[in-house]
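Student: I have a model open on my screen and would like a close look at one part of it. Could you walk me through the ligand site and what lies around it?

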Amino acid sequence: NHQVLLVEKPAGKLGPEHFKLIDGPMPAPKDGEALLRVRYISLDAANRAWMHGATYRSAVEANSVMAGGGIAEVVSSHSDALKPGDIVFGDTGWQNYAAVPVKHLTKMPRMEPLTHLLSIYGIAGLTAYFGLLDVGKPKQGETVVVSAAAGSVGSIVGQIAKLKGCRVVGIAGGADKCQWLTSELGFDAAVDYKDGAVFKALKAAAPDGIDVYFDNVGGDILEAVLPQMNLNGRIACCGAISQYDGAPSATGPRGVPGLIVVKRLTMQGFIVMDYMKQRDQALSDLQSWVSSGKIKVLEDVINGIENTPQALIGLLAGENRGKRMVKV
Ligand code: NDP
């Protein structure tokens, strides 16, 4: 059973030295658990955030199998709720085989390709759907800005906002990614934040101001967006990837609350797990948009469990377009 251990929590930037690949024991499932063969491991910006401490889940600890979501096949089950051959999503960790309590697993349909269960029909698609539609509440004709726009969540947010009739501006790193957002994904404009002068470029890309900001990154980009928000604008706080990889930055909100007052802004955080009761409606909408070609499914699949550490390091550095995962 190949397992990737987090051997040390990083104090600064995450590197390969923080992980170790071992040939570990085959897990023995206890009562109420299922033995799983992991098929695809999801790489998420949040994997890095978990190393800072407890959030909406407990912190990951050094010298244990690195935590992470995955799609897996049930090998054997000590519970009536699952049977061998079933496909499930859960925190399998970075390993070939895992024993996981059945109550922590979500049974998924067996579909082709299975990768869609991590991208459009998985956490990424649901986060984009609920974060944009329930928190951002975009109306036809409004301007929607999304950061980490070429990533798994951001690329779906932009496409949904387009089909709701909005002007969509993506913020991403690099001219190539920005070009791709407008030519392949139908974004109206894109801003390369690595090219400096984000405030000015954003002003040019969103001349009528910003009604909805889907924030995946926090930090300097949020600071550049805030003064450009329109009256009664909404900011859907999805994540803050600019703050994950390294020591936390010392800067705080300073003038931010004032801007929120004057513009009557709503800034709302959300966690996708809180929406699971409404999952079926979201999946049915996403399915119809995919089958009618209104949404392109973007996946970045890397082979081999030994490449999982580098896949996460690369995701934090912006290597990926769409949903990054490792085929085990
Ligand atoms: P992505 O696929 O979006 O990949 C991360 C992207 O972030 C990279 O491709 C990179 O692209 C960009 N990025 C990295 N560093 C920075 C930086 N300093 N400033 C700006 N952009 C940066 O990853 P995920 O889909 O896993 O995560 C996207 C966001 O969604 C994260 O904030 C995550 O925490 C959040 N999330 C929240 C959930 C919730 O329930 N609230 C659920 C799932 C995800 P580039 O080349 O453009 O820099």
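Which helices each supply at least two residues of the shell around the ligand?

Tutor: Happy to, and please keep in mind that this is a predicted model. The helices you want are H1 (45–49), H2 (123–136), H3 (152–163) and H9 (308–316), each of which supplies at least two residues of the shell around the ligand. In total, 34 residues surround the ligand. If you would like to find the spot quickly, look for Gly151, Gly173, Gly239, Ser242 and Gly318, which are the closest of them. Sorted by class, the shell has 19 nonpolar, 12 polar and 3 charged residues.

Now zoom out a little to see where the ligand sits in the chain. The chain is divided into domain 1, made of 2–119 + 298–327, and domain 2, which covers 123–273. Both domains give residues to the shell around the ligand, so the shell lies between them.

It helps to look at how the two domains meet. Their centres, taken over C-alpha atoms, are separated by 28 Å. Domain 1 brings 18 residues to the contact, and domain 2 brings 17 residues. On the side of domain 1 that touches domain 2, H1 and strand S16 (323–327) each supply at least two residues. H1 gives the most to that side, with 3 residues. So H1 is worth highlighting on your screen: the helix appears in the shell around the ligand and also on the side of domain 1 that touches domain 2. The residues of that side divide into 7 nonpolar, 6 polar and 5 charged.

The nonpolar interior is the next thing to colour in. The largest nonpolar core has 96 residues, and Leu36 and Val225 touch the most other members. H2, with 7 residues, gives the most to this core. Domain 1 and domain 2 both give residues to the core, so the core, too, lies between them. As background, nonpolar side chains tend to be buried together in soluble globular proteins. For a closer view of Val225, leave aside its neighbours within four places in sequence: Val225 is then in contact with Val145, Leu202, Ile210 and Tyr213.

To tie this together, H2 is one of the helices that supply at least two residues of the ligand shell, and H2 also gives the most to the largest nonpolar core.

Note on methods: Residues numbered from 1 in each chain as written. Predicted model: local features only at pLDDT ≥ 70, side-chain atom pairs only at ≥ 80, totals over all residues. Near = placed C-beta within 6 Å. Helix = DSSP H or I, 4+ residues; strand = E, 2+ residues; numbered from the N terminus. Nonpolar A, V, L, I, M, F, W, Y, C, P; charged D, E, K, R; others polar. Domains from an automatic or database assignment. Core = buried A, V, L, I, M, F, W, Y, C linked by C-beta atoms within 7 Å. Buried ≥ 20, exposed ≤ 12 C-beta atoms within 10 Å, placed from the backbone. Contact = placed C-beta atoms within 7 Å.
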